[in-house]
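Dear colleague,

I am handing over the structure we spoke about, and below it you will find my notes on what turned up in it. Please read them with the sequence and the coordinates open beside you.

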Amino acid sequence: MKNPMYEIASLLLEKFLLLSRLLGMGSSTEEEEKKKHASYYDTTYFKPGDLLEVPRTLFIHFGIYLGDNRVAHLMPDILPALTSDQKQIQKVVTNKRLILGVIAKMARIRVDTVEDFAYGGSILVNHMDKLFKNHILSNEEVVSRAEKMVGATDYSLLWNNCEHFVTFCRYDSAVSFQTDKFCETVKMVIRDQRSVLASALLGLVSILCMGLAPSTTLPTIIIPFMLWMAG
């Protein structure tokens, strides 16, 4: 029996994703994704302990190659909180499961095939080694760490994402350069005083559309003020 809360959340998310595609925000259709997913990868180029990177549209996904066409990687996933059916949990994580996992701050370090991990994307191998030249652990240690961490874990975009997982396993230092770049971008937006004007205008539009109320007036005053002070 399916969880009703998951069904409701999935339905709402499905409508949002559909709207995103109609607005041109989606990167590809479902059929195109399935074709990409069927891509073949020559695993003879990978060694156990290798750090694999798959560039996406908005981010890079990371995993640790364990050998025998297996990759350990951290994925946000809401499903383990809703069912104990391992067959369902082990299926490829859909966009709905992933986004709901991000919102709920729930994830799982799972083991998938290279094909399921990369999902049609190109793979970079040990691309970050040049940044940690004297801190690369042995391949055996990397694999051991990754296998020990398989299972449920908390998710945080800033403190515990897939990049933190792989850098800890391979370099003994849980860092995320993507997160650092994201934070720097946020700082730039805050420092740009035009964001104060933009937030004020959005607040005024919300007041005009929804009327004068605490839920519209307070954000209109507080958000521009905080951006102004932070800048």
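I begin with the cysteines. C162 has a relative accessibility of 9%, and therefore counts as buried, since the cut-off for that word is under 20%. C169 is likewise counted as buried, because its relative accessibility is 0%. Please keep in mind that this is a predicted model, and that the number of disulfides found in it is 0. As a reminder of the term, a disulfide is a covalent bond that links the sulfur atoms of two cysteines.

The rest of my notes concern three strands, and strand 2 is the place to start. Strand 2 covers residues 60-67 and is mostly covered, with 7 of its 8 residues buried.

On one side of the account is strand 1, made up of residues 51-55, which runs antiparallel to strand 2 and is joined to it by 5 bridges. Within this pairing, E53 stands opposite F62 of strand 2, and the connection from strand 1 to strand 2 is a hairpin of 4 residues.

Strand 2 also pairs with strand 3, residues 70-76, again in an antiparallel arrangement, and here 3 bridges join the two. In this pairing Y65 is found opposite V71, which belongs to strand 3. The hairpin of strand 2 and strand 3 has 2 residues between the strands, and in that hairpin D68 adopts a positive phi near 55 degrees.

With best wishes

Technical notes. Residues numbered from 1 in each chain as written. Predicted model: local features only at pLDDT ≥ 70, side-chain atom pairs only at ≥ 80, totals over all residues. Heavy atoms only, no water. Buried < 20%, exposed > 50% of the residue type's maximum accessible area, 1.4 Å probe, protein only. Pairing = 2+ DSSP bridges. Disulfide = S-S within 2.5 Å.
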